[in-house]
Amino acid sequence: MKMMKGEVVLNMPAEKAWEMYRNNEIISKINPELLSRADYIQGDGAPGSLRLFKLGPGVSNYVKESMEKIEKVVSGRSVTYEVIGGDLKEMYDPYRVTFSFVPTEGNSDKCIAEWKAEFEPSAPATPPPEQARDAALRFLESFDNFQLSY
């Protein structure tokens, strides 16, 4: 399986970034240009839950929505999804994403937010999901600006 990842440093504790990511109401307001809405359509965020992400106009030419099944949760730290529906599922199968929030060493007021994807292209000509990575990292960077108004 192929893998791609990226990370950004956030000016907030990992616990706060984690809470923002897991809360549908908050995550839907962070950067509507990239993510317009998130809903748990089955479950409450525990493994086996289904979460639907409706993406915003900034990425809708690439992906409009993504249905994701939560596979693993390390409370306060990371969540791993398998994409089970939507545009990414048509391009990659499987497509598994992990979002992690790790405190920076020596400074608990900052954290490293990481996006990691494990994937197999559905067709030989399918490029790696660089657009998905770039959009995810831009979205994570938005946490800092949103936090100031939150």
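What is the mean pLDDT of the protein chain, and what share of its residues reach 70 or more? The mean is 93, and 98% of the residues get to 70 or more. Keep in mind that this is a predicted model.

**Figure 1. Confidence along the protein chain.** Start with how sure the predictor is of each part. Strand β1 comes out highest, with a mean of 97. Helix α4 has the lowest confidence, at a mean of 91.

**Figure 2. The largest nonpolar core has 43 residues.** Seven of its members touch the most other members: Tyr 21, Tyr 95, Phe 99, Phe 101, Trp 115, Leu 140 and Phe 143. Several helices and strands chip in with at least two residues each, including β1 (2–10), α1 (14–22), β6 (92–104) and β7 (107–121). Helix α4 gives the largest share, eight residues. As a general backdrop, nonpolar side chains in soluble globular proteins tend to be buried together.

**Figure 3. Phe 101 and the residues around it.** Here we skip neighbours within four places in sequence and look at what else Phe 101 is in contact with. From the early part of the chain come Ala 14, Ala 17, Trp 18 and Tyr 21. Gly 76 and Arg 77 are also in contact with Phe 101, and so are Ile 112 and Ala 113. Leu 140 and Phe 143 round off the list.

**Figure 4. Tyr 21 meets Tyr 81.** The whole structure holds eight aromatic pairs, and this view shows an edge-to-face one, Tyr 21 with Tyr 81. The two rings are 6.5 Å apart centre to centre, with 65° between their planes. Tyr 21 belongs to helix α1 and Tyr 81 to strand β5, 60 residues apart, and the pair links these distant parts of the chain. Tyr 21 counts as buried because its relative accessible area is 2%, under the 20% cut-off. Tyr 81 is buried too, with a relative accessible area of 0%.

**Figure 5. Phe 139 and Phe 143, a pair within helix α4.** This aromatic pair is edge-to-face as well, at 5.7 Å centre to centre and with 85° between the planes. Because they are four residues apart in helix α4, about one helical turn separates Phe 139 from Phe 143. Both of these residues are buried.

**Figure 6. A cluster of rings, plus a charge.** Ring pairs join Tyr 21, Phe 53, Tyr 81, Phe 99, Phe 101, Phe 139 and Phe 143 into a cluster. Look at Tyr 21 again: the charged end of Arg 51 sits over its ring, 5.3 Å from the centre.

Notes. Residues are numbered from 1 along each chain as its sequence is written. This is a predicted model: local features need pLDDT of at least 70, side-chain atom pairs count only at pLDDT 80 or more; totals for chains, interfaces and linings use all residues. Side-chain values use heavy atoms; hydrogens and water are left out. A nonpolar core is a set of buried Ala, Val, Leu, Ile, Met, Phe, Trp, Tyr and Cys residues joined through side-chain atoms within 4.5 Å. Buried means under 20% relative accessible area, exposed over 50%, partly exposed in between (1.4 Å probe, protein chains only). Contact means heavy atoms within 4.5 Å. pLDDT is the predictor's confidence in each residue, from 0 to 100. Rings of Phe, Tyr and Trp (its six-membered ring) pair if their centres lie within 6.5 Å; planes under 30 degrees apart count as stacked, over 60 as edge-to-face and the rest as tilted. A charge sits over a ring if NZ of Lys or CZ of Arg is within 6 Å of the ring centre and within 35 degrees of the ring normal.
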